[in-house]
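Visitor: Hi, could you walk me through this one? I'd like to get a feel for the fold before I go back to the bench.

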Amino acid sequence: YLPLAEGTAIYFVAPLIVVILAPFVLGERVSWKQYAAVFVGMAGMLLIVNPGGELSWIGSALMFTSACAYAMVQLLTRKLTNRVESEQMFIYAASTCWFMGLGVIAVFWPQVWPTGRDMFEMLLMGACGGVGQYLLILAFKRVPASTLAPLNYFQLALAVVWSELFFAQRPSLQSFAGIGLIVAAGLALTLPMLISSLKARSLRRMR
């Protein structure tokens, strides 16, 4: 339903949803600056979706729902960080997805079976997802989350490049503006944490 770049940008509203839900799920305080960043990011999403424009409303709704689900994953992961081992979280999450997949295939049994090439690409997709998720866990063990968070927005740049290279889909100027607002909002939330983390590390080294 959606071009790759625009769909990825809507998905990246997830960190902003985390800010909105953090007081209710984690009991964290959220400042007015953080709420302002959320407002800017949501405005960027509306620029991309462009009510009354050509972008699919069904695809936009599905991607926004996916972003909400991913936000809940982040909140629950943060809540369980000091209570459960990372490997346990990875195994339970993957197992849950596997059982959900069985439920989906039981209801939507395929009418046309995938070709050998399709099967290979789906297996490759699953392998890349699994490797990426496990590497993310290892990264969080070695590097503070505030350091890694800004790197997430590199995916948006890649999505724009892949969209052009593989699908010949170039975002409109309005979509680029929306992507820029989402990136700016996300970095406004994560860069202060990164800077404070680097300052704290430099102070520890000086001592």
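Guide: Happy to. One term before we start: a residue is called buried when its relative accessible area is under 20%, exposed when it is over 50%, and partly exposed in between. Ile182 has 0% relative accessibility, so Ile182 counts as buried. Please keep in mind that this is a predicted model.

Visitor: Noted. Where is Ile182 along the chain?

Guide: Ile182 sits in helix H9, which covers residues 173–206. Ile182 and Ile10 are 172 residues apart in sequence, yet their C-alpha atoms are 8.5 Å apart in space.

Visitor: Let's step back a bit. How many helices and strands are there?

Guide: The protein has 9 helices and 0 strands. Read from the N terminus, the order is α-α-α-α-α-α-α-α-α.

Visitor: And what share of the residues is buried?

Guide: Of the 207 residues in the protein, 25% are buried. The protein exposes about 14,100 Å², and carbon and sulfur atoms supply 70% of that area. As for contacts with a separation of 6 or more, 83% are between residues 24 or more positions apart.

Visitor: Can you show me some contacts of that sort? Which residues does Val13 touch?

Guide: Setting aside residues up to four places away in sequence, Val13 touches Met42, Met45, Phe64 and Ile182. That brings us back to the Ile182 of helix H9. Val13 itself lies in the loop between H1 and helix H2, and its relative accessible area is 0%, so Val13 is buried. Val13 and Ser66 are 53 residues apart in sequence, with 10.0 Å between their C-alpha atoms.

Visitor: What about helix H1, is Glu6 buried or exposed there?

Guide: Glu6 is in helix H1, residues 4–11. Its relative accessibility is 7%, so Glu6 counts as buried. Leaving out residues up to four places away in sequence, Glu6 touches Ile48, Leu55, Pro171, Ser172 and Ser175.

Visitor: Anything else to see in H1?

Guide: Have a look at Thr8, also found in helix H1. Thr8 counts as buried at 16% relative accessibility. Its side chain reaches the backbone oxygen of Leu4 at 2.7 Å. Beyond its neighbours within four places in sequence, Thr8 is in contact with Gln155, Leu156 and Ala159.

Visitor: Leu4, okay. Which surface patch is Leu4 part of?

Guide: A nonpolar one of about 620 Å², made by Leu4, Val161, Trp162, Leu165, Phe166 and Phe167. Helix H8, residues 154–167, gives the largest share of the nonpolar patch, with 5 residues. One residue of helix H8 is Trp162, which is partly exposed with a relative accessible area of 37%.

Visitor: Switching to charges: how many salt bridges are there?

Guide: A search of the whole structure finds 1 salt bridge. The side chains of Glu121 and Arg117 form it, at 3.2 Å from N to O. Side chains of opposite charge can pair when their charged atoms come close.

Visitor: How far apart are Glu121 and Arg117 in sequence?

Guide: They are 4 residues apart, about one turn of the helix, and both lie in helix H6, residues 116–142. Glu121 is partly exposed, with a relative accessible area of 40%, while Arg117 counts as exposed at 63% relative accessibility.

Visitor: What does Phe90 contact?

Guide: Not counting neighbours within four places in sequence, Phe90 is in contact with Gly130, Gln133, Tyr134 and Ile137. Phe90 is found in helix H5, residues 86–107, and is partly exposed with a relative accessible area of 24%. The C-alpha atoms of Phe90 and Gln133 are separated by 7.9 Å, with their positions 43 residues apart along the chain.

Visitor: Last one: what span should helix H4 have?

Guide: H4 has 24 residues, 57–80, and at 1.5 Å a residue it should span 34 Å. Its end C-alpha atoms are 35 Å apart, which agrees. Ser56 caps the N-terminal end of H4, with a side-chain oxygen 3.3 Å from the backbone nitrogen of Ile58.

Visitor: And which residues of H4 are buried?

Guide: Those are Gly59, Ser60, Ala67, Ala71 and Leu75.

Methods. Residues numbered from 1 in each chain as written. Predicted model: local features only at pLDDT ≥ 70, side-chain atom pairs only at ≥ 80, totals over all residues. Heavy atoms only, no water. Helix = DSSP H or I, 4+ residues; strand = E, 2+ residues; numbered from the N terminus. Expected span 1.5 Å × (residues − 1). Buried < 20%, exposed > 50% of the residue type's maximum accessible area, 1.4 Å probe, protein only. Polar contact = N/O pair within 3.5 Å; in protein donor to acceptor, adjacent residues only side chain to side chain. Patch = residues over 30% accessible without salt bridge, like charges linked within 9 Å, V, L, I, M, F, W, Y side chains within 5 Å. Areas by Shrake-Rupley, 256 points an atom, 1.4 Å probe, with all protein chains shown as cover. Salt bridge = Lys/Arg side-chain N within 4 Å of Asp/Glu carboxyl O. Contact = heavy atoms within 4.5 Å.
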